[in-house]
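This report deals with the nonpolar core of one protein model and with its annotated binding site.

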Amino acid sequence: MKIGVPKEIKNNESRVAMTPAGVNELVKRGHEVLVQTEAGIGSGFSDADYQAVGASIESTIEDVYAKAEMIVKVKEPIAQEYGLVRKGQVVFTYFHFASSQPLTEAMIQSKAICIAYETVEDRNGALPLLTPMSEVAGRMAIQQGAKFLEKPVKGRGVLLGGVPGVAPGKVLVIGAGTVGIQAAKMAAGLGAHVTILDVNMDRLRYVNDVMPPHVVTEYSNEYNIRNHIKTHDLIIGGVLLKGAKAPRLITKDMLKTMRPGTVIVDVAVDQGGCVETTRPTTHEDPIFIIDDVVHYCVANMPGAVPHTSTVALTNVTLPYILRLADKGYEEALNQDPGLAKGLNIQAGKVVYEPIKEAFADQMQMN
Ligand SMILES: NC(=O)c1ccc[n+]([C@@H]2O[C@H](COP(=O)([O-])OP(=O)(O)OC[C@H]3O[C@@H](n4cnc5c(N)ncnc54)[C@H](O)[C@@H]3O)[C@@H](O)[C@H]2O)c1
């Protein structure tokens, strides 16, 4: 199969959908990989790195789309790319269709086969192609939080690990899922005192088993949250209610009870955030301050560490790409019901129910 890897053109997106290691695997199996020039540059991979393992370098995005039978990407196609997607072409990427009617309409019109990373499921019903980005965001949350606790950027002026003779900083992690556990692990590694909250006792039991004793688990409820936000220096929001908006666990009135310079990193911002005052920010302008509380609410945190994020993402996408290439999409989907859950739009028809529901009022679905 001919597999195309275009350069991402969405604003500030430096990840790439395939590393030279992925090209190496595909070429070994007899596939042809067409990589757009400089597609990997933002993630630290040169054209020469790809050529060395057998990729052909294409000079334009048009060439990649025109020649490839399957396109692998990171972000959803943007308006400039809509017209390049061809009938019958398989496009495997993050789509998030429910949040964009123009994208959904364009992909219906293209009659392409759209398989979305974010709805592929594993045997347990988990979302394996979202996990690595949560892992990156969870670890980054502590790195960013530690930075914004510094006084020159309006933080409390607390060093998370403390020093001999000075107590360490205190980190409150709300949600003990992928983001929360990675955040707790990083904070504990720096020597901070960590409190982690969840409503799922199994998650709390797991955390309690695997983390060192300075990571303390508590049940998540309003009473505990109100108490802890008064004494913790850094608060990480990592909650998720599958398929719903994040619950508002810290309300505006609670900010006044927090100490000036407390930092909130609301990782759940992409689901609306678990703090009432959250609004999405960017890497260029990542924070804002309300009632002396620093809010960091970047919606695409992994974008700031494209080398790590690219490798983490492609580690999990490559096995699916190999199967789609080896068997063709129909057989690959037939053999793996979890991968079949990724099929969102097929040859002009929306086949994924939640997208139909999202646009039930606005669009005529066939
Ligand atoms: N900003 C970014 O760049 C970025 C990147 C990756 C993920 N995310 C977001 O981070 C959030 C968390 O993702 P995840 O992969 O860790 O999800 P997850 O499903 O692994 O974990 C979520 C956890 O929240 C817990 N939870 C639910 N309600 C709660 C409550 N009231 N109090 C405490 N805990 C509660 C759940 O029990 C679960 O353990 C999601 O919204 C995800 O989209 C953001």
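How many residues does the largest nonpolar core have, and which of them have the most contacts inside it? In this predicted model, the largest nonpolar core has 104 residues. Those with the most contacts inside it are Val 5, Ala 184, Ala 187 and Ile 236. Helix H6 (residues 131-148) supplies the largest share of this core, eight residues. The core lies between domain 1 (2-120 + 306-358) and domain 2 (131-304), because both give residues to it. In soluble globular proteins, nonpolar side chains tend to be buried together.

Beyond residues up to four places away in sequence, Val 5 touches Val 16, Ala 17, Met 18, Val 33, Leu 34, Val 35, Gln 36, Ala 39 and Val 72.

The binding site comes from an unreviewed UniProt entry, whose annotation covers Arg 15 and Lys 75. These positions are spread over 61 residues of sequence, yet they cluster in space, with a largest C-alpha distance of 8.9 Å. The table gives the setting of each residue.

| Residue | Loop | C-beta neighbours within 10 Å |
|---|---|---|
| Arg 15 | between strand S1 (2-5) and helix H1 (20-28) | 27 C-beta neighbours |
| Lys 75 | between strand S4 (70-72) and helix H4 (79-82) | 19 C-beta neighbours |

Arg 15 counts as buried because it has 27 C-beta neighbours inside 10 Å, whereas Lys 75, with 19, is partly exposed. Leaving aside neighbours within four places in sequence, Arg 15 is in contact with Glu 8, Ser 43, Val 74, Pro 306, Ser 309, Thr 310 and Leu 313. On the same basis, Lys 75 is in contact with Glu 8, Lys 10, Glu 13, Thr 93 and Tyr 94. Glu 8 is thus in contact with both Arg 15 and Lys 75.

Note on methods
Residues are numbered from 1 along each chain as its sequence is written. This is a predicted model: local features need pLDDT of at least 70, side-chain atom pairs count only at pLDDT 80 or more; totals for chains, interfaces and linings use all residues. UniProt positions are given in the numbering used here, feature names are shortened, and annotations may be inferred rather than shown by experiment. Helices (H or I, at least four residues) and strands (E, at least two) are DSSP runs, numbered from the N terminus. A residue is buried if 20 or more other C-beta atoms lie within 10 Å of its own, exposed if 12 or fewer, and partly exposed in between; C-beta atoms are placed from the backbone. Two residues are in contact if their C-beta atoms, placed from the backbone, lie within 7 Å. A nonpolar core is a set of buried Ala, Val, Leu, Ile, Met, Phe, Trp, Tyr and Cys residues joined through C-beta atoms within 7 Å. Domain bounds come from an automatic or database domain assignment.
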